[in-house]
Amino acid sequence: MSLGCVSVGEWTWSSFRQPSRLLMTMMTIMLMIVMMSPYTSAFIEITNLSPANGFGIGEPTKMNITCEYNTNSFNSFSLLRDGVAVVEMEDSSIAKGFVTKKKEKDFGCNVPAPSSKSGAVHCWKANLDCRDVAVYKCSLSSLDISNEKPLKAKSSIKSVIRVDPQLEKNNTSMFKCTANVALPYTSFVKFLWKIKPENRPNMIEQEISAAVPDSTNCFVEAATIYRHQYKLSDRADVSCTVFKQTITEVFDALTTPITTTTTKKPTTTTTRRPVSGSGVQFSKWVLIINLILLLLDVAVSR
């Protein structure tokens, strides 16, 4: 045992002091790093984007975005669509409030007073179209940017219509079901047809797949045809379901007459108009004049 050191098992006080000094050195370095790091007090977050499930054709086409913030210096705000500003607002000492520096068509934002260190900014976009299917962020500066939220296009059923306006001779009627398919496209869409005859207990079900055509838009139409065989006394509910949405049409064979198509030889029909009273009078005068001329001609010849 050396002088000035007390042995404790295999450890000595000198060997114990070495890791302690190393630990103190590391703690000092970490504290310096924290103190030298820039302090940022700004916070911004998108707390709501609606419609959250996306927008579909024929539905209300307005998007609403709420951005909540907390900052020591609230002097600018931007709404970003796919990383590009669609609304830019800045604090103006002349206007004594925020002024709009940039605003894309149908976009808008309501911003609190610059003195509000915390609050919420409400933004909107009317008349949604395919360009608005994107990712949105809110920004207080180039460093203070919120989380992102997407706006999606939503697939939906469009219509169910009778393709043939009248009944056919072979007792078959056709129905067409059309859907609006949103990005990202799939190769096929499944349509479920259900036929519930009024006077028969069994329901007819048939699933038909329709190919989705290529398109550069965020929506594309896909459709399928169902051929319904009926009896002359049939009345049935014809339903089509796609994307968990259903449209039902009522089919009634009794309300639509059966039409028979026949081929006939072309015929020419001549329509004679009745002679008016003035025309009869004119003919009489012509006859009298001709008679006078004939008598004069006979007299002269003698």
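Is threonine 248 buried, partly exposed or exposed? Keep that question in mind as you open this predicted model; the tour starts there and then moves through the rest of the chain.

**Stop 1: Threonine 248**

Select threonine 248, which sits in strand 18, residues 245-252. This threonine is partly exposed: its relative accessible area is 42%, and partly exposed covers the range between under 20% for buried and over 50% for exposed.

Now show what surrounds threonine 248. Leaving aside residues up to four places away in sequence, threonine 248 touches Asp237, Val238 and Ser239. Zoom in on serine 239, whose side chain makes a polar contact of 2.7 Å with the side chain of threonine 248. Next, add lysine 194 to the selection. Lysine 194 and threonine 248 are 54 residues apart along the chain, yet 9.0 Å separates their C-alpha atoms.

**Stop 2: The whole chain**

Zoom out and colour by secondary structure. The protein chain has 18 strands and two helices. Of its 302 residues, 28% count as buried. If you display contacts between residues at least 6 apart in sequence, 56% of them link residues at least 24 apart.

**Stop 3: A five-stranded sheet**

Select strands 5, 6, 7, 10 and 11. Together they make an open sheet, with antiparallel pairing and the order 7-6-5-10-11. The edges belong to strand 7 (97-103) and strand 11 (149-150); each has a single partner strand, so one side of each lacks a neighbour in the sheet.

Walk across the sheet, beginning with strands 6 and 7. This antiparallel pair is held by six bridges, and one to pick out joins glutamate 88 to its bridge partner in strand 7, lysine 102. The two strands form a hairpin with four residues between them, and in the turn you will find lysine 96, with a positive phi of about 55 degrees.

Move on to strands 5 and 6, which also pair in the antiparallel sense, over six bridges. Here, select arginine 81 and then its bridge partner in strand 6, valine 84. Strands 5 and 6 form a hairpin too, with two residues between them; aspartate 82, in the turn, has a positive phi of about 50 degrees.

At the other end of the order, look at strand 10, residues 135-139, which runs antiparallel to strand 11 and is joined to it by two bridges. Valine 135 has proline 150 of strand 11 as its bridge partner.

**Stop 4: The nonpolar cores**

As background, nonpolar side chains in soluble globular proteins tend to be buried together. In this model, select Met63, Ile65, Phe77, Leu79, Cys109, Tyr136 and Cys138: within the largest nonpolar core, which has 29 residues, these touch the most other members. At least two residues of this core come from each of several strands, including strand 3 (43-50), strand 5 (76-81), strand 8 (107-110) and strand 9 (118-126). Strand 4 contributes the most, with four residues. Try colouring domain 1 (43-151) and domain 2 (156-251) separately, and you can see that this core takes at least three residues from each.

For a second, separate core, select Val181, Val189, Ala222 and Tyr230, which are among its 22 residues.

**Stop 5: Aromatic rings**

Finally, show the aromatic side chains. How many aromatic pairs does the structure hold? There are four. Start with tyrosine 69 and phenylalanine 74: their ring centres lie 4.2 Å apart and their planes are at 25 degrees, so this pair is stacked. Tyrosine 69 is buried, at 4% relative accessibility, and phenylalanine 74 is buried as well, at 3%.

Your next selection is tryptophan 193 with tyrosine 226. This pair is also stacked, because the planes meet at 20 degrees, under the 30 degrees that stacking requires, with the ring centres 5.4 Å apart. Tryptophan 193 belongs to strand 14 (residues 188-197) and tyrosine 226 to strand 16 (residues 219-229), so the pair ties together parts 33 residues apart in sequence. Tryptophan 193 counts as buried at 0% relative accessibility, and so does tyrosine 226 at 6%.

To finish, return to tyrosine 69 and phenylalanine 74 and add Phe98: Tyr69, Phe74 and Phe98 form one aromatic cluster.

Key: Residues numbered from 1 in each chain as written. Predicted model: local features only at pLDDT ≥ 70, side-chain atom pairs only at ≥ 80, totals over all residues. Heavy atoms only, no water. Pairing = 2+ DSSP bridges. Buried < 20%, exposed > 50% of the residue type's maximum accessible area, 1.4 Å probe, protein only. Contact = heavy atoms within 4.5 Å. Polar contact = N/O pair within 3.5 Å; in protein donor to acceptor, adjacent residues only side chain to side chain. Core = buried A, V, L, I, M, F, W, Y, C linked by side-chain atoms within 4.5 Å. Domains from an automatic or database assignment. Phe/Tyr/Trp six-rings, centres within 6.5 Å; stacked < 30°, edge-to-face > 60°.
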